[in-house]
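Let's take a walk through this model together, one element at a time. Keep the sequence and the 3D view side by side as you read.

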Amino acid sequence: MLNTHIRYEPEADALMLLDQRYLPRREEWYEVRDLATTVYALQEMVIRGAPAIGVTAAYGCYFCARETQRTEGTGEGWEAALRDRLETLKNARPTAVNLRWAVEELTKMWEERPGIGLPALATIWLDRARAMQREDEEINKAMGAHGANLLKDGDRVMTHCNAGALATAGWGTAVGVIYSAVEQGKKITVVANETRPFLQGARLTAYELHKCGVDVTVACDNACALLMKKGLVDKVIVGADRIAANGDAANKIGTYGVALLAKAHGIPFYVAAPSSTFDLRCPTGEEIPIEERTPREVTHPTGESAITPEGVKVYNFAFDVTPAELIAGIITEKGVLTPPYTESIAKIIGGKR
Ligand code: MRU
């Protein structure tokens with residue numbers, strides 16, 4: 001199973017990331033060593049997927065501390081410089097709340113140690129980032145065990161975007177549920193929606209499932225209704241970037257449409273996400289910020305020539321919000337939450353953050 005795509009190398013004091021922009025064509029590594037390279041990796045989607053963004057951000061805090069030590073030194077004034085860097089890091093991408101969650105968790109460790117020196121802070125942050133990486137995989141396996149019970153032998157599962165090992169520290173959320181069901185001995189086949197414009201489904205979900213020997217078929221996003229109508233989909237499982245207190249769930253653009261189609265065809269639609277993806281500060285999905293990305297992703301799908309007439313306008317919202325009423329269950333590491341979500345989320349997730 002893929003879990004080496006995020007690798008801290010102590011000798012180089014660098015974080016090596018398997019560059020997801022180039023998969024599956026080639027396996028190239030990107031080196032993160034300071035704030036600029038962390039932000040670049042996040043914004044350009046060298047690494048992506050909410051939990052992987054969170055883990056990378058935790059390492060990013062460490063690199064911010066090291067950079068501050070190199071640039072401002074350990075004398076007076078380093079605190080303000082470090083705070084500025086953390087603020088920049090926290091805002092690298094707006095929708096996946098795991099980014100804010102990780103930076104806030106590490107900031108809290110700092111606040112709990114008044115008077116701590118910069119080198120000592122860097123050390124505890126690096127340890128925490130490494131632990132967070134290990135914990136994320138464990139959390140995903142717990143989530144997988146809960147979710148796998150929802151899948152039957154022979155199920156054909158549709159997923160959107162990539163919520164697999166590559167989107168996390170390992171195993172995955174939505175795709176992790178599939179891996180867990182396969183591990184239980186169930187025969188599961190997967191429909192991976194291609195997920196325009198970045199093609200996380202066609203490139204990444206297909207890549208990792210295929211590598212693990214799970215039967216996967218890629219479908220154009222616009223085939224979803226037909227596939228459901230033809231009876232080729234038994235269940236849908238997707239990941240999430242942020243889940244509001246009422247269960248509204250932000251995920252990759254197109255997810256909302258898949259959920260509506262699942263409802264229309266009587267197909268259960270599940271969301272799988274760790275508790276770090278819940279944002280109880282957002283009462284509903286209305287408050288979730290939606291990232292808008294460069295039109296170029298839409299106009300230049302291969303990176304070379306444009307497929308649209310020059311000067312034409314483009315919508316490139318990266319996420320949408322699926323209303324809670326379309327979600328049959330939210331699979332977490334603590335169990336499967338069911339409606340009414342305001343109550344189940346408050347009970348199982350609330351109080352934690
Ligand atoms: O823009 P991306 O590729 O970071 O978006 C990723 C998704 O939407 C995933 O489905 C989500 O982060 C869940 S990942 C386990």
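A good place to begin is the pairing of E2 with strand E3 (residues 29-32), which is antiparallel and runs over 4 bridges. Please keep in mind throughout that this is a predicted model. Within this pairing, Leu15 faces Val32 in E3. On to the other pairing of E2: strand E1 (residues 6-9) is joined to E2 by 4 bridges, and these two strands also run antiparallel. Here Arg7 has Met16 in E2 as its bridge partner. E1 and E2 form a hairpin with 4 residues between the strands, and in this hairpin Asp13 adopts a positive phi near 45°.

How many residues of strand E2 are buried? The strand spans residues 14-18, and 5 of its 5 residues are buried. Looking at the side-chain directions, Ala14, Met16 and Leu18 point one way, while Leu15 and Leu17 point the other way, and all are buried. Met16, the partner of Arg7, and Leu15, which stands opposite Val32, therefore both count as buried, since buried means under 20% relative accessible area.

Now move along the chain to the loop between strand E4 (156-159) and helix H6 (174-183), where you will find Gly164. Is Gly164 buried or exposed? Gly164 counts as buried because its relative accessibility is 0%, and the cut-off for that label is under 20%. For a sense of its surroundings, compare sequence and space: Gly164 and Asn140 are 24 residues apart in sequence, and their C-alpha atoms are 9.6 Å apart.

The loop leads to H6 itself. The rest of the structure largely encloses this helix, because 8 of its 10 residues are buried. Those buried residues are Ala174, Val175, Gly176, Val177, Ile178, Tyr179, Ser180 and Ala181. Just after H6 comes Gly185, with a positive phi of about 95°.

Next, turn to strand E10 (residues 269-272). On one side of E10 lie Phe269 and Val271, on the other Tyr270 and Ala272, and all of them are buried, so that both faces of the strand are covered. What does E10 pair with? One partner is strand E7 (residues 235-238), in the parallel sense and over 3 bridges. In that pairing, Val238 has Val271 of E10 as its bridge partner. Strand E13 (residues 329-332) also runs parallel to E10, and 3 bridges join the two. There, Tyr270 is set opposite Gly329 in E13. In general, strands of a sheet pair through backbone hydrogen bonds, either parallel or antiparallel.

A second arrangement of strands is worth tracing too. Four strands make an open sheet in the order E11-E8-E9-E12, with mixed pairing. Its edges are strand E11 (278-279) and strand E12 (319-322), each of which pairs on one side only. Inside that order, strand E8 (residues 242-244) and E9 pair in the antiparallel sense over 2 bridges, and Ile243 stands opposite Ala249 in E9.

Strand E9 also brings us to the ligand. Where does the ligand sit? You will find it in the largest cavity. Around the ligand are 19 residues, and the closest are Arg48, Gln200, Asp241, Asn251 and Lys252. Strand E9 (249-252) and helix H2 (50-71) each contribute at least two residues to this shell.

Several polar atoms of the protein can be picked out next to oxygen atoms of the ligand. For Gly49 the atom belongs to the backbone, and the distance to a ligand oxygen is 3.0 Å. For Asp241 a polar side-chain atom lies 2.8 Å from an oxygen atom of the ligand. For Asn251 a polar side-chain atom is 2.6 Å from a ligand oxygen. Taken alone, the ligand exposes 420 Å², and the protein buries 100% of that.

Our last stop is Gly335, which has its place in strand E14 (residues 335-337). With a relative accessibility of 10%, Gly335 counts as buried. Gly335 and Thr299 are 36 residues apart along the chain, and 41 Å separates their C-alpha atoms.

Terms used: Residues are numbered from 1 along each chain as its sequence is written. This is a predicted model: local features need pLDDT of at least 70, side-chain atom pairs count only at pLDDT 80 or more; totals for chains, interfaces and linings use all residues. Side-chain values use heavy atoms; hydrogens and water are left out. Buried means under 20% relative accessible area, exposed over 50%, partly exposed in between (1.4 Å probe, protein chains only). Two strands pair if DSSP finds at least two bridges between them. A residue is near a molecule or strand if one of its heavy atoms lies within 4 Å of it. A polar contact is a pair of N or O atoms within 3.5 Å; within protein, one must be able to donate a hydrogen and the other to accept it, and residues adjacent in sequence count only if both atoms are side-chain atoms. Accessible areas come from the Shrake-Rupley method with a 1.4 Å probe; for residues, only the protein chains shown count as cover. On a 1 Å grid over the protein atoms alone, a cavity is a set of points where a 1.4 Å probe fits but cannot get out, and a pocket is an open set with protein on both sides within 12 Å along at least five of seven lines; lining residues have an atom within 4 Å of a point. A molecule sits in a cavity or pocket if more than half of its atoms lie within 2 Å of its grid points.
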